[in-house]
Amino acid sequence: LGILNVIGTMDLPGESVYPFYIAASVDSQEPVAKRGEELLKKKASETNLDDPKLINRLFVLFNLQVKLMSGFCRSIAAANSFPATFQCISGCMHGMSVNIYDILLELRLFSVTTVCMYVCLVR
């Protein structure tokens, strides 16, 4: 929270701090997430979202999520952490706004083997 406050007082371009604010806005500590969200909203209007360097930094954040999912898929302890692991994996695969019924409807298109493998991952 202190680092966010210091960065927030500096006059840095939005392109350089935008990824930090995004990461902070999803922090597990509520004060950090709230401050990250405030700073993100403040800088959003002046940030050039067409900047290739910024886009590359945002892809790094996304790739981190994919790497986390890959670790969760290989971890027995993570598989036993229901429903948190299921929410993370389905969020990575389908987006966080999709509900379980939409996922199950999509799964009907796959073979029985694929469905069994998917269920085994979330156990």
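1. Thr 47 counts as buried, with a relative accessibility of 9%. In this predicted model, Thr 47 sits in the loop that joins α3 (30-44) to α4. The label follows because buried is set at under 20% relative accessible area.

2. The surroundings of Thr 47 can be listed. Its side chain comes within reach of the backbone oxygen of Lys 43, at 2.6 Å. With neighbours within four places in sequence set aside, Thr 47 contacts Gly 14, Glu 15, Tyr 18 and Leu 54. Gly 14, Glu 15 and Tyr 18 are among the buried residues of helix α2 (residues 14-25).

3. Lys 43 deserves its own entry. Besides offering its backbone oxygen to the side chain of Thr 47, Lys 43 forms a side-chain salt bridge with Glu 46, at 3.0 Å from N to O. Lys 43 counts as buried because its relative accessibility is 8%. Glu 46, at a relative accessible area of 48%, is partly exposed. This salt bridge therefore pairs a buried lysine with a partly exposed glutamate.

4. The structure holds two salt bridges. Besides the Lys 43 and Glu 46 pair, the side chains of Glu 38 and Arg 35 meet at 3.4 Å, N to O. Both Glu 38 and Arg 35 belong to helix α3 and are three residues apart, about one turn of the helix. An α-helix has 3.6 residues a turn, so residues three or four places apart point the same way. Glu 38 is partly exposed at a relative accessible area of 39%, and Arg 35 is partly exposed at 23%.

5. Helix α2 contributes a set of buried residues: Gly 14, Glu 15, Val 17, Tyr 18, Pro 19, Tyr 21, Ala 24 and Ser 25. The set includes Glu 15 and Ser 25 along with Val 17 and Tyr 21. These buried residues pack against α1 (2-9), α3 and α4.

6. On the surface, Phe 59, Phe 62 and Val 66 make up a nonpolar patch whose accessible area is about 290 Å² together. Val 66 is placed in helix α4 (residues 52-73). With 37% relative accessibility, Val 66 counts as partly exposed. Val 66 can belong to the patch because patch residues need over 30% relative accessible area.

7. As for the overall architecture, the chain is made of eight helices, with zero strands. The order from the N terminus is α-α-α-α-α-α-α-α. Of its 123 residues, 28% count as buried. Among contacts with a separation of 6 or more, 55% link residues 24 or more positions apart. The exposed area of the chain is about 8700 Å², and 64% of that comes from carbon and sulfur atoms.

8. Confidence should be read alongside the points above. The chain has a mean pLDDT of 77, with 73% of its residues at 70 or more. Of the elements of the chain, α3 has the highest mean pLDDT, 91, and helix α8 (residues 112-122) the lowest, 57. Where pLDDT is low, the predicted coordinates should not be read in detail. The salt bridge between Glu 38 and Arg 35 lies within α3, the element with the highest mean value.

How values were computed
Residues numbered from 1 in each chain as written. Predicted model: local features only at pLDDT ≥ 70, side-chain atom pairs only at ≥ 80, totals over all residues. Heavy atoms only, no water. Helix = DSSP H or I, 4+ residues; strand = E, 2+ residues; numbered from the N terminus. Buried < 20%, exposed > 50% of the residue type's maximum accessible area, 1.4 Å probe, protein only. Contact = heavy atoms within 4.5 Å. Areas by Shrake-Rupley, 256 points an atom, 1.4 Å probe, with all protein chains shown as cover. Patch = residues over 30% accessible without salt bridge, like charges linked within 9 Å, V, L, I, M, F, W, Y side chains within 5 Å. Salt bridge = Lys/Arg side-chain N within 4 Å of Asp/Glu carboxyl O. Polar contact = N/O pair within 3.5 Å; in protein donor to acceptor, adjacent residues only side chain to side chain. pLDDT = per-residue confidence, 0-100.
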